[in-house]
Amino acid sequence: MSSGPNPTAGALRHVLGHLLTPLLMCLGMGLAYLGAFHAPEPHDLRVDIVGSGPTTQVLAQTLQDKAAGGLDVRTVPDRATAATALTRQDSYGAYIPGDHPELLVASASSDTSAMAVEKVFTRVAAGQDAPLKVTDLAPTASGDPTGQGVFFLLVAVSIGAYASVAVIGAAGAALPMRVRALLAAGISLAVSLIGTLFAGPVFHLVDHGLAGVWALSWLYAAGILLIGIGLHTYLRRWTTLGVMVLFVMLNFTSSGGIYRPELQPGFFGSLHAFWNGAGLVEGIRGHVYFDGHGLGGNVLVLALWFLAGVLLVTLAGRTEARRTALTAARTATAPVHGQPERKKAAGAAHGYTTEEKEEEMEEAVAV
């Protein structure tokens, strides 16, 4: 006598099938975060030696040789030139030798880079039996002593944006794409306003320029939401994993919020040039601390990601329209007695079943 299906075995297969997503997340997060942050070392980190003449040249060449590629040591004629390079984020430290040596830094550019430079020149000054005076030409706001507050602002805005993707994509799958795009615009506005409140009145991460911080945050969040909603049409329940790869694993690690690319492996340093998280972090830094230097390039990066989202949403809308037309044609030709099949076909008009929607919502909440 044959027995029916084993519910325990079926449930076990179901669980094992869905464990693939968290395992891939664990693998991806480990590779990304440990690969980017586990052993920060300078490479081609530019520092300047202030002065002229043989002594200055010898000191610069000695440092260059000892660093073995870690530093890019240059000489500049005077303090003013060194200060300009720092405030333009062309260099990350300027050493003024003498009986009372001084190191110029701009910690708002990157506190970890400033610390790495200070470590180098503290040893240089100690070799001359002189205490080192450190002057910070661009200190961070009082509420952000480590200079990493902008990075955690990035984290908050990112989570608000990418977590909303699954909700709009799954719960709102039956809505027209234009409605989902409008929802994305509204949510990105709300997320950016929350982030701006955190940055200003709540935690005082920045002490001026809040309007610019909001505008950059909105453009950043809108790009994530539009890209995520567009991808959802094609990835469906894998969308959560997809947006985590794009906007967490590769994004946070290449943003420069903890370590600038000069302290990271080359892969993450190369992403820093065009990834959207770097556009937000460096855009806010340039806007708030460096009189807008480099702001245009970072706005361009964020705008291109936003436009990529617009393009993806447009393509996804057309794809869904084709799917709906095909489903309608199949339903129209189905026999009258096949009502369950008709309902099933109608429910899959967007290529997405109710069970898949519920599973994705659960995964999104868990993340």
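**Exercise 1.** Which residues in helix 7 meet which residues in helix 12? Describe the packing of the two helices in this predicted model.

*Solution.*
Step 1. On the helix 7 side, the residues in contact are Met177, Arg180 and Ala181. Their counterparts in helix 12 are Val313, Ala316, Gly317 and Glu320.
Step 2. Two packed helices are described by the angle between their axes and the distance between the axes.
Step 3. Helix 7 (residues 177-202) packs against helix 12 at an angle of about 150 degrees, and the axes are 10 Å apart.
Step 4. Angles over 145 degrees count as roughly antiparallel. Helix 7 and helix 12 are therefore roughly antiparallel to each other.
Step 5. The crossing of helix 7 past helix 12 is right-handed.

**Exercise 2.** Is Thr327 buried or exposed? Locate Thr327 and give the backbone atom that its side chain reaches.

*Solution.*
Step 1. Thr327 belongs to helix 12, which covers residues 295-333.
Step 2. The relative accessibility of Thr327 is 11%. Buried means under 20%, so Thr327 counts as buried.
Step 3. The side chain of Thr327 reaches the backbone oxygen of Arg323, at 2.9 Å.

**Exercise 3.** Characterise the surroundings of Val157.

*Solution.*
Step 1. Val157 sits in helix 6 (residues 149-171).
Step 2. With a relative accessible area of 1%, Val157 is buried.
Step 3. Once neighbours within four places in sequence are set aside, Val157 has contacts with Val191, Gly195, Ser217, Tyr220 and Ala221.
Step 4. Ser188 is 31 residues from Val157 along the chain, and the C-alpha atoms of Val157 and Ser188 are separated by 8.7 Å.

**Exercise 4.** In what order do the five strands form the open sheet, and which strands stand at the edges? Add the helices that lie across the strands.

*Solution.*
Step 1. The order is 2-1-3-4-5, with mixed pairing.
Step 2. Strand 2 (71-76) and strand 5 (133-136) each have a single partner strand, so one side of each is left without a neighbour in the sheet; these are the edges.
Step 3. On average, neighbouring strands of this sheet are turned by 25 degrees against each other, direction ignored.
Step 4. Strand 1 (residues 45-50) pairs with strand 2 in the parallel sense, over six bridges. Val50 stands opposite Val76 in strand 2.
Step 5. Helix 3 (residues 54-67) lies across strand 1, strand 2 and strand 3 (94-96), and runs at about 170 degrees to strand 2.
Step 6. Helix 4 (residues 79-87) lies across strand 1, strand 2, strand 3, strand 4 (102-105) and strand 5. Helix 4 runs at about 30 degrees to strand 4.

Terms used: Residues are numbered from 1 along each chain as its sequence is written. This is a predicted model: local features need pLDDT of at least 70, side-chain atom pairs count only at pLDDT 80 or more; totals for chains, interfaces and linings use all residues. Side-chain values use heavy atoms; hydrogens and water are left out. Helices (H or I, at least four residues) and strands (E, at least two) are DSSP runs, numbered from the N terminus. Buried means under 20% relative accessible area, exposed over 50%, partly exposed in between (1.4 Å probe, protein chains only). A polar contact is a pair of N or O atoms within 3.5 Å; within protein, one must be able to donate a hydrogen and the other to accept it, and residues adjacent in sequence count only if both atoms are side-chain atoms. Contact means heavy atoms within 4.5 Å. Two strands pair if DSSP finds at least two bridges between them. Axes are lines fitted to C-alpha atoms, for helices over the stretch in contact, and angles run from 0 to 180 degrees between N-to-C directions. Angles under 35 degrees count as roughly parallel, over 145 as roughly antiparallel, 65 to 115 as roughly perpendicular and the rest as oblique. A crossing is left-handed if the near helix is turned anticlockwise from the far one by less than a right angle, and right-handed if clockwise.
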